[in-house]
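The following paragraphs lead through a protein model, element by element. Please keep the sequence and the coordinates at hand while reading.

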Amino acid sequence: MTAETQAPTTHRGIADFVEKWAAIMQPDSIHWCTGDDQEWDELTRALESTGTFTRLNPQLKPNSFYAASDPIDVARVEDRTYICSVEEKDAGPTNNWMAPDEMKTLMNGLYEGCMKGRTMYVIPFVMGHLESERPMFGIEITDSAYVTASMRVMARMGTNVLRRMEELDADFVEAVHSVGHPLAEGEKDVAWPCNDTKYIVHFPEERGIWSFGSGYGGNALLGKKCYALRIASVMARDEGWLAEHMLILKLTSPQGVVKYIAAAFPSACGKTNLAMLEPTIPGWKVETLGDDIAWMRVGEDGRLWAVNPEYGFFGVAPGTNYHTNPNAMKTIEKGNSVFTNVALTEDGDVWWEGLENPPAKATSWKGEPWTPESEELSSHPNSRYCTPIKQCDILADEYDDPRGVPIDAILFGGRRKTTVPLVFEARDWTHGTFLGATLSSETTAAAVGAVGVVRRDPMAMLPFIGYNAGDYFSHWINVGKDNDAAKLPKIFYVNWFRRDDEGGFLWPGFGENSRVLKWIVERIDGQAAAEETPIGRVPAPGSLDIDGLDMTEDALRSALEVDPEEWKAELPQIQEWFEKFGDDLPAVLWTELDGLKSRLGA
Ligand code: GTP
Ligand code: SPV
Ligand code: MN
């Protein structure tokens, strides 16, 4: 061991973990992350020197950087993502599985010497609050300075976290990451090192994560999807709480009544936009608590309390602009942000499809010259901004409260051109669980693979449930059974993406979604009227406020329509979906499906 590899920690478990992997991966040096500004400067300078980062014009975006990935490394790789539970059955029918020993043998082969010529960064981090009753620690080791810089934005990390782990002699999630691109003696690095072979692997019983070959967000920032959803969902099952792919927002009415709303939409289906919504209806206010992940547990008062475990936004760039999401724009304009796979303009700014004022000339994410006449997109559809949550002007004060906020409503939603109305209400928790379990959405560019294909994405968690999805549904049902249902959130289903015959959106979306939120909270308070339909309760005529909106009551009816024929066509798909889970599917979900069938007269 050289002096450099001697761990600057009194936490034996952490020192052993780092030492063990350093011996396998053989980095040139080891850097223990402090999280301070000097470290950020060193990291970003190193990233500039390898060409990974281009510094943006400080007048426009201070302390901010542009990065373009290798075109083979642009999104989550669901077919390379594994849940390696001891028993195959515990991974369930929706996850890839391999026996843990077999996977470890395979990956140890890949990890052997994989950090040669590189620095191993050791990132002590905590998901959620450091001051929480039980801080949720992790140590990520990575050979990517890009990942290290991004982790500093997305998670609370650094020396203060390490010191707290030492004080508590805390358990932690071992998060192992390598881009899988060792450098031979004298070999020049590439701007975006990665490997054709990729594995994103979880060992749920050991609470361990092994990732190889990718530098992209969800594959490599291991505190995010891998820990805060896949591993945390297993912890949540064992301990009786929920780890969900949900935004959290605070809604204040003109009368000053506050409601907290959580919403699960699949990747690239509108969470960030709803979380930062600028209401178009007078007197209403939205503040943000989180845009992607919610950890929720029933408190002593019987209500469901939610915290956002993250520290930044990793948002979809295309479509983001001053009309759709002014609060995201203002957040990134303060600087301290990383933009990946967008276009770089000649004045050192970034641009993407949907942003105002297209530049006359730019460099596309592929490094090619681009003009507004170009046939190719300037930015990858899954290009992202990574920006500190604390810079968001409408961040709710409660964000810093380790207790979180009590949730009044849970929204499920997806991207469906047809069939699914703008909004409807579940009858009760079990029916709401049925709606979540059968959630369907068109696939997006957030994951590698075909785009626009309708698939079931239960609770928007299909790629993130760290165990058997049948057991996950039971867990949801049990949360309703074991608690006072009257105190739990009411469940709703929304669809901003329904189209008319010409392919246009039936609902204007974005800030206008505040009208739907208004109907939802008025339902909770017993003020707004609803109509029963076979699928649930939709707004009664006149109950959803379209005052001042360029939309007729008739057009609204088309957005709200429940067509029994379209829904009958869904039934065999839901049946087939449920059959996948065999005996693991809670029987009450079959009862719900039977009820739906009979209400549809099918
Ligand atoms: P992940 O970060 O991948 O989890 O995505 P997300 O769920 O946070 O989605 P996001 O809010 O970033 O939106 C994804 C895309 O949907 C963007 O291109 C948005 O412009 C678009 N979008 C969001 N809300 C609406 C809406 O109300 N109507 C329409 N038509 N598009 C929307
Ligand atoms: C998603 O795909 O749901 C994201 C982006 O939020 S990633 O962090 O890459 O998973
Ligand atoms: Mn997401």
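Against which elements do the buried residues of α5 pack? In this predicted model, the partners are α1 (12-25), β1 (29-32), β5 (119-127), β6 (136-142) and β7 (156-157). Helix α5 itself spans residues 159-168, and its buried residues are V161, L162, M165 and E166. Because these residues cover an arc of only 140° around the axis, they lie on the same side of α5. Just after the helix, D169 adopts a positive phi of about 45°.

One of the elements that α5 packs against, β6, leads on to a set of parallel strands. Strands β6 and β8 run parallel and are joined by 4 bridges, with I139 standing opposite E174 in β8. Strand β8 (residues 173-178) is in turn joined by 5 bridges to β10 (residues 208-212), again in parallel. Here H177 stands opposite S211 in β10. Strand β8 is mostly covered, as 5 of its 6 residues are buried.

The metal site comes next. The manganese ion (ligand 3) is coordinated by NZ of K225, NE2 of H245 and OD of D292, at 2.0 to 2.7 Å. Its 6 donor atoms subtend angles of 61 to 167°, and the site is irregular. Along the chain, the donors follow the spacing K-x19-H-x46-D. H245 and D292 link distant parts of the chain, being 47 residues apart: H245 belongs to the loop between β11 (242-244) and β12 (247-252), and D292 to the loop between β14 (285-290) and β15 (294-298). Are these two residues buried or exposed? H245 counts as buried because its relative accessibility is 0%. D292 is buried as well, with a relative accessible area of 8%.

Two of the strands that flank these loops, β11 and β15, also belong to an open sheet of 4 strands. Its order is β11-β15-β16-β24, and the pairing is antiparallel. The edge strands are β11 and β24 (405-406), each of which pairs on one side only. Strand β16 (residues 304-307) is joined to β24 by 2 bridges, and the two run antiparallel. W305 has P406 in β24 as its bridge partner. Helix α7 (residues 223-239) packs on the sheet and touches β11 and β15; its direction makes about 160° with that of β11. Helix α11 (residues 469-481) lies across β11 and β15, and runs at about 120° to β11.

Helix α9 offers another case of burial. Why is α9 (residues 326-333) described as largely enclosed by the rest of the structure? The reason is that 6 of its 8 residues are buried, namely P326, N327, A328, M329, T331 and I332. The cover over these residues includes β17 (312-316), β18 (338-340) and β23 (384-388). After α9 comes G335, whose phi is positive, near 95°.

The last stop is a single loop residue. T443 is found in the loop between β27 (440-442) and β28 (454-456). Its relative accessible area is 15%, and T443 is therefore buried, since the cut-off for burial is under 20%. Leaving aside residues up to four places away in sequence, T443 touches A450, V451, G452, V453 and R455.

Methods
Residues are numbered from 1 along each chain as its sequence is written. Chains are lettered from A and ligands numbered from 1 in the order in which they are written. This is a predicted model: local features need pLDDT of at least 70, side-chain atom pairs count only at pLDDT 80 or more; totals for chains, interfaces and linings use all residues. Side-chain values use heavy atoms; hydrogens and water are left out. Buried means under 20% relative accessible area, exposed over 50%, partly exposed in between (1.4 Å probe, protein chains only). The arc is that of the directions from the helix axis to the C-beta atoms. Contact means heavy atoms within 4.5 Å. Donors are N, O and S atoms within 2.8 Å of the metal (3.2 Å for Na, K and Ca); water is not among the atoms, so sites may look incomplete. Four donors count as tetrahedral if all angles lie between 85 and 135 degrees; four count as square planar and six as octahedral if opposite donors are over 155 degrees apart and all others between 65 and 115; anything else is irregular. Two strands pair if DSSP finds at least two bridges between them. Axes are lines fitted to C-alpha atoms, for helices over the stretch in contact, and angles run from 0 to 180 degrees between N-to-C directions.
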